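User: Hey, I've got a structure open and I'm not sure where to start. Can you walk me through it?

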Amino acid sequence: MLLDYDRLGWLKGALLAFTACVAAFLLLPVVFIVLLSFGSSRWLAFPPPGWTLKWYQELFADPSWLEAALTSARIATLTVLLAVVIGLLASFALVRGNFRGREILRGLLLTPMVLPVVVFAIAIYAFFLRLGLGGTTVGFVIAHTVLALPFAIIPIATALEGFDKSIEDAAIICGASPLEAKLRITLPSIRIGIVSAAIFSFLASWDEVVVAIFMASPTLQTLPVKIWGSLRSDLTPVIAAASSLLVGLTLALMVVTALLRRRLQT
């Protein structure tokens with residue numbers, strides 16, 4: 001190899017130091033938020049003068065915070081179901097289909113990943129106002145599904161491309177129907193991609209805030225929208241506690257994804 005890590009010499013240390021600095025730059029703000037959620041100060045002051053669980057107690061005692069968290073979980077769960085099903089069907093078409101405009105369709109389906117979120121938010125807000133879907137659970141789920149769809153298509157399509165289709169063909173030759181072969185042979189073989197698609201789709205909905213701000217109503221708010229609104233009105237450590245829960249769930253799901261991938265590959 002042109003660049004052998006073991007032969008970099010002093011550059012190896014420089015590379016490690018640079019990587020550590022970048023990681024610290026990205027992670028330290030998150031660590032500060034978590035520490036502030038346990039601080040005893042009424043305000044977001046660092047370092048905290050003491051430590052307490054008071055803000056988590058206030059968080060779980062406030063019905064509005066619990067309702068926002070349940071709303072986020074409900075919308076994210078529905079988003080996962082739609083995104084995985086649509087992503088699975090789209091992946092079969094993109095990987096195995098042979099039709100004109102296939103690459104154009106692939107680009108269109110992946111557009112939400114590169115399109116500025118605020119542009120998408122304004123467009124879908126104006127469109128949903130005409131349809132009467134603004135501030136509704138249906139509107140939230142549709143909007144979040146569009147955003148989550150690329151995160152479902154990429155892992156499923158990647159797993160499907162790595163699957164040997166001759167195994168499915170052999171099952172059909174042995175008497176299985178095409179649908180039965182896909183359900184009993186193909187889907188279990190690409191389960192890593194499907195599980196990854198479900199987790200990433202959930203996170204895409206659970207953490208989304210820009211579109212959620214446009215879609216929210218006084219009676220329907222997700223947890224990120226609730227955090228954003230509280231930042232503008234009452235800057236207390238309860239916000240840090242809610243943010244820590246968001247971070248904690250995200251990290252937990254990422255760990256679960258890594259463990260599942262390792263287990264399913266063995």
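Analyst: Sure, we'll go from the recorded regions to single residues and ring pairs.
Analyst: One caution: this is a predicted model, where local features need pLDDT of at least 70 and side-chain atom pairs count only at pLDDT 80 or more, while totals for chains, interfaces and linings use all residues. Residues are numbered from 1 along each chain as its sequence is written, and side-chain values use heavy atoms, with hydrogens and water left out.

User: Ok! What does UniProt list for residues 69-257?
Analyst: The unreviewed UniProt entry gives that span as "domain: ABC transmembrane type-1". UniProt positions are in the numbering used here, feature names are shortened, and annotations may be inferred rather than shown by experiment.

User: And how much of 69-257 is helix?
Analyst: It's 83% helix and 0% strand, and the end C-alpha atoms are 22 Å apart. Helices (H or I, at least four residues) and strands (E, at least two) are DSSP runs, numbered from the N terminus.

User: Which residues does the "transmembrane region" annotation cover?
Analyst: According to the unreviewed UniProt entry, residues 15-38, 75-95, 107-128, 140-160, 192-215 and 235-260. In the model, residues 75-95 are 100% helix and 0% strand, with end C-alpha atoms 29 Å apart. Residues 192-215 are 88% helix and 0% strand, and their end C-alpha atoms lie 32 Å apart.

User: Let's zoom in. Where is S244?
Analyst: S244 sits in helix α12, which runs over residues 237-265.

User: Is S244 buried or exposed?
Analyst: S244 is buried because its relative accessible area is 8%. Buried means under 20%, exposed over 50%, and partly exposed in between (1.4 Å probe, protein chains only).

User: What is S244 in contact with?
Analyst: Not counting neighbours within four places in sequence, S244 is in contact with I33, V34, S37 and Y56. Contact means heavy atoms within 4.5 Å.

User: How about S243?
Analyst: S243 is in helix α12 too, and at 17% relative accessibility it counts as buried. Setting aside neighbours within four places in sequence, S243 is in contact with I33 and I227. A polar atom of the S243 side chain also lies 2.9 Å from the backbone oxygen of I239.

User: New topic: how many aromatic pairs are there?
Analyst: The structure holds 4. Rings of Phe, Tyr and Trp (its six-membered ring) pair if their centres lie within 6.5 Å; planes under 30 degrees apart count as stacked, over 60 as edge-to-face and the rest as tilted. One of the pairs is F38 and Y56, with centres 5.0 Å apart and planes at 35°, so that pair is tilted.

User: Where do F38 and Y56 sit?
Analyst: F38 is in the loop between α1 (10-36) and α2 (54-61), and Y56 is in helix α2, so to speak a link between distant parts of the chain, 18 residues apart. F38 counts as partly exposed, at 29% relative accessibility, whereas Y56 counts as buried, at 13%.

User: Got another pair?
Analyst: Yes, F127 and F128: their ring centres are 6.0 Å apart and their planes are at 40°, so they are tilted. F127 is partly exposed at 46% relative accessibility, but F128 is buried at 3%.

User: Last one: how many disulfides?
Analyst: The structure holds 0 disulfides, a disulfide being a pair of cysteine sulfur atoms within 2.5 Å. C21 is exposed, with a relative accessible area of 53%, and C174 counts as exposed at 73%.

Methods. Polar contact = N/O pair within 3.5 Å; in protein donor to acceptor, adjacent residues only side chain to side chain.
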